[in-house]
Amino acid sequence: MTTSLAQTALDNLLEEAKKAAANSYSPYSGFKVGAALRLANGTVVTGTNVENVSYGLTICAERAALVRAVSEFGPEIRIAAVAVANLNDAASPPCGACRQMLAEFAAPDTLVIFPAADGMTTMPFDQVLPLGFDMSLKKTGKIEQA
Ligand code: ZN
């Protein structure tokens, strides 16, 4: 499903992420990030980073988009593609927390496009988060049940 996404769809998703970055609330870092999720049904949901004076409560654009998507469309959503952009001309791959949160709704072939140190990068989700936490590990016998 996701690997058949046309390049134009990914380009459009990236544009939506950039638009969302313009709404960033980032008075402390000035780092303006936007994320756009393309759901399996073709719907695009965006989010931006929202900082807080306590810093630790800051939420990333990817998680903001994810929470918005679940809030609007329910727990059955599936993510076909994720685009991340920023207005700072900097690298901004999804952080570890966002990768783990996205894993809940992504497939191994969900495409993730983001600015890396060496330019825009597109890779499947299973490369973005190869060893995410997964309770189903207990089914493989790798984790003993108490
Ligand atoms: Zn994050």
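**Exercise 1. State whether Cys98 is buried or exposed, and place the residue in the zinc site.**

Cys98 is buried, because its relative accessible area is 0%, where buried means under 20%, exposed over 50% and partly exposed in between, with a 1.4 Å probe and protein chains only. The structure is a predicted model, in which local features need pLDDT of at least 70 and side-chain atom pairs count only at pLDDT 80 or more, while totals for chains, interfaces and linings use all residues. Residues are numbered from 1 along each chain as its sequence is written, and side-chain values use heavy atoms, with hydrogens and water left out.

The next step is the metal: the protein donors of the zinc ion are Cys60 (SG), Cys95 (SG) and Cys98 (SG), at 2.2 to 2.3 Å from the ion. Donors are N, O and S atoms within 2.8 Å of the metal (3.2 Å for Na, K and Ca), and since water is not among the atoms, sites may look incomplete. Along the sequence the donor residues follow the spacing C-x34-C-x2-C. Cys95, by contrast with a buried residue, is partly exposed, as its relative accessible area is 30%.

**Exercise 2. Describe the order of helices and strands in the protein chain, and locate Asn23 and Asp89 in loops.**

The protein chain has four helices and five strands, taken as DSSP runs numbered from the N terminus (helices H or I, at least four residues; strands E, at least two). Their order along the sequence is α-β-β-α-β-α-β-β-α.

Asn23 belongs to the loop between helix H1 (7-21) and strand E1 (33-39), and with a relative accessible area of 61% this residue is exposed. Although Asn23 and Thr48 are 25 residues apart along the chain, their C-alpha atoms are separated by 6.6 Å.

Asp89 sits in the loop between strand E3 (79-86) and helix H3 (96-103), and Asp89 is exposed because its relative accessible area is 78%. From Asp89 to Pro115 the separation is 26 residues in sequence and 8.4 Å in space, C-alpha to C-alpha.

**Exercise 3. Compare the radius of gyration of the protein chain with that of a compact globule.**

For 146 residues a compact globule would have a radius of gyration near 15 Å, and the protein chain, at 15 Å, agrees; the radius is taken over C-alpha atoms, and the globule rule is 2.2 Å times the number of residues to the power 0.38. Along the principal axes, the C-alpha atoms fill a box of roughly 45 × 40 × 35 Å. Finally, 40% of the 146 residues count as buried.
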